[in-house]
Amino acid sequence: MPRGAAVNAANCPPPGAGVTVRRAAELDAILDPETRRVYTRALQALRQAGVDFLIGGAHAVAPYTGIVRDTKDLDVFLRRQDCEPALAVLADAGFTTELTFPHWLGKAYAGDPFIDLIFSAGNAVAAVDDLWFAHATPGEVLGIPVRLCPPEEMIWSKAFIMERERYDGADIAHLILACGRELDWARLLRRFGQRWRVLLSHLVLFGFAYPGERDVIPDAVMADLLRRLDRERAEPGPSSRVCDGTLLSREQYLVDVTERDYADGRLTPRGEMTAAEIAHWTAAIHTNPDPQLPVPTPNLSVFRRDGSPGPRARRRRR
């Protein structure tokens with residue numbers, strides 16, 4: 001893209017141009033034999049059943065960035081309407097399946113290894129739609145041909161993950177470093193829409209992390225976002241008290257929506273979640289899906305299923 005050019009589809013490079021699969025075999029090689037068998041069985045079952053799916057997570061980050069890390073699961077992305085049929089396919093293949101969170105996630109287990117079937121995000125941002133598939137990149141997992149989630153959509157979905165125990169900012173920085181000159185920046189801006197400040201925050205941090213690589217991000221993109229910031233600063237703020245922080249962390253901003261009278265930015269029509277979905281997602285804070293991570297001890301009220309605040313949890317003594 002010419003420096004200083006306006007951001008639009010006409011002057012952005014083609015989606016995925018120059019983004020190639022690399023080092024995929026290294027990630028496959030670090031998987032133990034049982035995990036390899038489980039993943040292979042799942043992928044073959046889904047392919048044979050004609051399920052339309054993409055691969056994300058570490059198995060997509062590695063081919064795009066060359067960064068290989070061990071992973072305890074396989075992330076399969078698919079459209080919402082394809083999740084339950086995919087779970088049925090995997091159940092027939094011998095997996096134990098569940099629709100863990102009806103607003104974004106199903107799971108299929110075979111002992112310790114498991115498959116995540118993802119069709120949105122915990123905050124209901126970044127729902128998988130046809131554009132994910134239209135811009136997918138050909139790849140391979142365990143010798144099986146697959147399509148990888150586009151880097152633009154990976155950045156979009158990862159940008160909102162800012163929990164105390166997990167932050168995906170480094171993945172975003174590495175994707176920009178590896179793919180920034182080929183990204184469809186116009187589409188990425190459209191994906192963030194009114195939540196463009198989240199994208200800007202990651203781009204600012206990218207320039208901090210890689211000061212010598214700042215030109216990977218087109219000047220037009222930064223100029224556009226900074227103009228938006230200037231315009232917004234010159235306008236009066238909204239009169240209503242809203243906390244959009246819950247889109248970034250389901251736990252760390254609960255105090256604002258349960259005790260400080262802020263409206264929850266996840267709720268429709270401002271957000272994409274219902275009160276019941278928020279209640280279910282909030283209740284899961286009490287669980288510990290990763291034994292290496294500490295179990296959060298909530299000291300805040302949580303939502304009941306109807307969206308009303310529940311009883312305040314007892315505070316931990318220190």
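Which residue follows α8, and what is the sign of its phi? In this predicted model, helix α8 is followed by Gly-193, whose phi is positive, near 55 degrees. The helix that precedes this glycine spans residues 185-192 and is mostly covered, with seven of its eight residues buried. These buried positions are Trp-185, Ala-186, Arg-187, Leu-188, Leu-189, Arg-191 and Phe-192. An α-helix has 3.6 residues a turn, so residues three or four places apart point the same way. The buried residues of α8 pack against five helices, namely α5 (130-134), α6 (151-158), α7 (169-179), α9 (196-209) and α10 (219-234).

Strand β2, formed by residues 73-77, is likewise mostly covered, and five of its five residues are buried. In a regular strand the side chains alternate between the two faces of the sheet. In β2, Asp-73, Asp-75 and Phe-77 lie on one side, Leu-74 and Val-76 lie on the other, and both faces are covered. Strand β2 is paired with β1 (residues 54-55) through two bridges, and these two strands run antiparallel. Within this pairing, Ile-55 has Val-76 of β2 as its bridge partner. Strand β2 is also joined to β5 (residues 114-118), here by five bridges and in a parallel arrangement. The bridge partner of Asp-75 in β5 is Asp-116. Asp-75 thus belongs to the side of β2 that also carries Asp-73 and Phe-77, whereas Val-76, the partner of Ile-55, belongs to the other side together with Leu-74.

The loop between α6 and α7 contains Arg-166. This arginine counts as partly exposed because its relative accessibility is 44%, a value that lies between the 20% limit for buried residues and the 50% limit for exposed ones. The side chain of Arg-166 is joined to that of Asp-168 by a polar contact of 2.8 Å. When residues up to four places away in sequence are not counted, Arg-166 touches Lys-158 and Ile-161. Between Arg-166 and Ser-249, which are 83 residues apart along the chain, the separation of the C-alpha atoms is 9.6 Å.

The cysteines were also considered. A disulfide is a covalent bond between the sulfur atoms of two cysteines. A search of the whole structure finds zero disulfides. Cys-179 counts as buried because its relative accessibility is 1%. Cys-243 is buried as well, since its relative accessible area is 9%, which is under the 20% limit.

Technical notes
Residues are numbered from 1 along each chain as its sequence is written. This is a predicted model: local features need pLDDT of at least 70, side-chain atom pairs count only at pLDDT 80 or more; totals for chains, interfaces and linings use all residues. Side-chain values use heavy atoms; hydrogens and water are left out. Buried means under 20% relative accessible area, exposed over 50%, partly exposed in between (1.4 Å probe, protein chains only). Helices (H or I, at least four residues) and strands (E, at least two) are DSSP runs, numbered from the N terminus. Two strands pair if DSSP finds at least two bridges between them. Contact means heavy atoms within 4.5 Å. A polar contact is a pair of N or O atoms within 3.5 Å; within protein, one must be able to donate a hydrogen and the other to accept it, and residues adjacent in sequence count only if both atoms are side-chain atoms. A disulfide is a pair of cysteine sulfur atoms within 2.5 Å.
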